[in-house]
There are 2 protein chains.
Amino acid sequence: MSNVRVCVDVVGGDEKPQVVLDGIEAALAADPDIEVLAVGPAEIVNLFAAAHARVEALEAPDIIAMDDDPIRAVMTKRKSSIVLACRAIKKGNADAFFSAGSTGAMTAAATAYVTPFRYQAEGKKQPVRPCLTNALPNRAGGLTVLCDMGANPDVEVDDMVRFAQMGSAYARVVLGIEHPRVGLLANGTEDEKGSNFTKACFPAMKAAVPGFVGNCEGTDLTSGNFDVVVADGMSGNIALKATEGAAKFLLQELKGAFMASLGTKIAALLIKKQMREIKAKLSGDAKGGAILLGLRGVVLIGHGATSVEAVKNGTLAAAEAVRAGLVENVANSMDGIVL
Amino acid sequence: MSNVRVCVDVVGGDEKPQVVLDGIEAALAADPDIEVLAVGPAEIVNLFAAAHARVEALEAPDIIAMDDDPIRAVMTKRKSSIVLACRAIKKGNADAFFSAGSTGAMTAAATAYVTPFRYQAEGKKQPVRPCLTNALPNRAGGLTVLCDMGANPDVEVDDMVRFAQMGSAYARVVLGIEHPRVGLLANGTEDEKGSNFTKACFPAMKAAVPGFVGNCEGTDLTSGNFDVVVADGMSGNIALKATEGAAKFLLQELKGAFMASLGTKIAALLIKKQMREIKAKLSGDAKGGAILLGLRGVVLIGHGATSVEAVKNGTLAAAEAVRAGLVENVANSMDGIVL
């Protein structure tokens, strides 16, 4: 099939551009059918493109920093890597975009330039809210999709229904789960549990989301009882970060335990390989980043503290999403999308 | 000082009454200055009281099950252990109540019979919402107070301010933290982060909560950067359960890692003691249970899947809270309480 062209942000994230460049090289080596549009400062991307056959440069003099106000930054830094990359997708100069930059700025720029799907409501076409989505490892040995992970702190019932439909499409297309089991994140699994808001979402999701099982709770991010956990961006983000925090806490406790005595230090050596595997599983580097669903293009957001492995996998995952037709599949999974 | 009298629910929780009875015995042995009012079926509590000098029986023919509708159960099962225990506190027949029963039923019965503090609003006295509170181990080697953990899925800004004041009093009185650092649970630590609701809470908490630092995020349940994390019962419950789920997931992964080969099995033996300590730290048994703040009495709720150790520690913790004057301290820490 024809090449997929992924735009990669050389200055996205907290690490030096060299980390991103090394990640791009690794991705190019792993997949001969991708091309990369490297976006960033002229002196970096031009040199890199000159040295690599399948790389083209997109010069971006501005950088949006992690602590910039997202919407203001997107409006004023029109020549930033994030804005130019999103415009490149719109113009058809790239099929997908990967950056480890600010989630807020990525969401704002993608909404403005990659543009969301629209649905008919109140006599006019409204934009779909982009839904930040990723898959986390679970206790059943599989992956559980969490959406929204933080793009939309305040949402309406209809948004939650669309998040569920989009998350379900992601589970089908990206994870290959034929009939995803979808749960609504609440404070208990019983039907009557929840806040006034989730209680209003429940019947709407039951009516419009295939595979809707009912309420789930915080433990179900990792229980394996659900393939898709649906939440507003506030609850989803809190659940995700509480999970990350708990993993960090436990790994620190383990580190202390392994240092306790000569015997435990020997134990650490004996189980070193397995511990490394567990840490890799938890790090998220293997997946590369979270995807913004609901847009007319593939936009993947990596973790700010990125790595060569994460950039490589994020770039490859972006290309895979294009090949799998994720954008079309997501659009088709939602009710009432008007093109 | 005079004895503290703790009412303990013999039929609360998923375990057999014998687990609770063993826990009471262990608590009586550990603290010679407590008396226990054992509430439950006549044949169990009368026999137990006859055999123990510092135990009195309170016969309760009804049992509220975990899957009963909480409010309906409290209204119809007037002779249940939970209702009779809460009425015993009101009548002055017990200083505190410990049960591993249904959180919903405990909250409903305590609100009805132990009665919450009241504040003046709109020309009349309104009841304070009870706030479910506990302390979780953090990465700094201390404890972080989480409130509300799930008693109130829907709250107002004023409720959040009171939760913060109550949680702060708990941190001072129970954990001995002189100036607790209080955070508002949001989707990021920056001031401008949050949902419309938490954005409305921010200035109110800044104005009325001593030690208010600002927003915190899910990772801060365990980061040690905050002594008190304040949330509505929905977000707080999601954060708590996501943390529990992540710990469960990681412990399962470790179990698998330790079983991988002969070498890792030897590692498991060498680090057995430390792993047991980590599990004990995570289990919550050492704290006995979560406390309902905002009431005119000490009400402690244990984990449904309780243990002898948890019942012992819950009973002792309830007595300690009485001795420390937690109820009066919480009342004094809140603005505008009218007695």
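This passage walks through the symmetry, surface patches and backbone details of a two-chain model.

The model is predicted, so local features are given where pLDDT is at least 70, side-chain atom pairs count only at pLDDT 80 or more, and totals for chains, interfaces and linings use all residues. Residues are numbered from 1 along each chain as its sequence is written, chains are lettered from A and ligands numbered from 1 in the order in which they are written, and side-chain values use heavy atoms, with hydrogens and water left out.

A good place to begin is the relation between the two chains. A turn of 180° with a shift of 0.0 Å along the axis lays chain A on chain B with an RMSD of 0.0 Å. The two copies are thus related as by a two-fold rotation axis. In chain A, the C-alpha nearest this axis belongs to A:A267, at 2.0 Å. For this comparison, the copies are superposed by least squares on the C-alpha atoms of residues with pLDDT of at least 70 in both.

The surface comes next. A nonpolar surface patch of about 550 Å² is built from A:L262, A:I266, A:L270, B:L262, B:I266 and B:L270. The elements that contribute two or more residues to this patch are α10 (262–270) of chain A and α10 (262–270) of chain B. Helices (H or I, at least four residues) and strands (E, at least two) are DSSP runs, numbered from the N terminus. One member of the patch, B:L270, sits in helix α10 of chain B and is partly exposed, with a relative accessible area of 34%. Here buried means under 20% relative accessible area, exposed over 50%, and partly exposed in between (1.4 Å probe, protein chains only). Patches are made of residues with over 30% relative accessible area and no salt bridge; like charges are joined within 9 Å, and nonpolar side chains (Val, Leu, Ile, Met, Phe, Trp, Tyr) within 5 Å. A salt bridge is a side-chain nitrogen of Lys or Arg within 4 Å of a carboxyl oxygen of Asp or Glu.

A positive surface patch is formed by A:R78, A:K79, A:R87 and A:K91; Lys and Arg count as positive, Asp and Glu as negative, while His and the chain ends are not counted. Among these residues, A:K79 lies in the loop between α3 (70–76) and α4 (81–90) of chain A and is exposed, with a relative accessible area of 52%. Helix α3 of chain A also holds A:M75, which is exposed at a relative accessible area of 55%. A:M75 and A:A105 are 30 residues apart in sequence and 9.8 Å apart in space, C-alpha to C-alpha.

The backbone has some features worth a look. A cis peptide bond joins A:C147 to A:D148, with omega of about -5°, and A:D148 belongs to the loop between β8 (143–147) and α6 (157–173) of chain A. In chain B, B:C147 and B:D148 are likewise joined by a cis peptide bond, with omega of about -5°.

Positive phi values turn up in residues other than glycine. For A:E122, phi is near 50°; this residue is in the loop between β5 (118–121) and β6 (124–127) of chain A and counts as exposed at 75% relative accessibility. For B:T115, phi is about 65°. B:T115 lies in the loop between α5 (103–114) and β5 (118–121) of chain B and is buried, with a relative accessible area of 18%.

Conventions
Areas by Shrake-Rupley, 256 points an atom, 1.4 Å probe, with all protein chains shown as cover. Charge placed at Lys NZ, Arg CZ, Asp CG, Glu CD.
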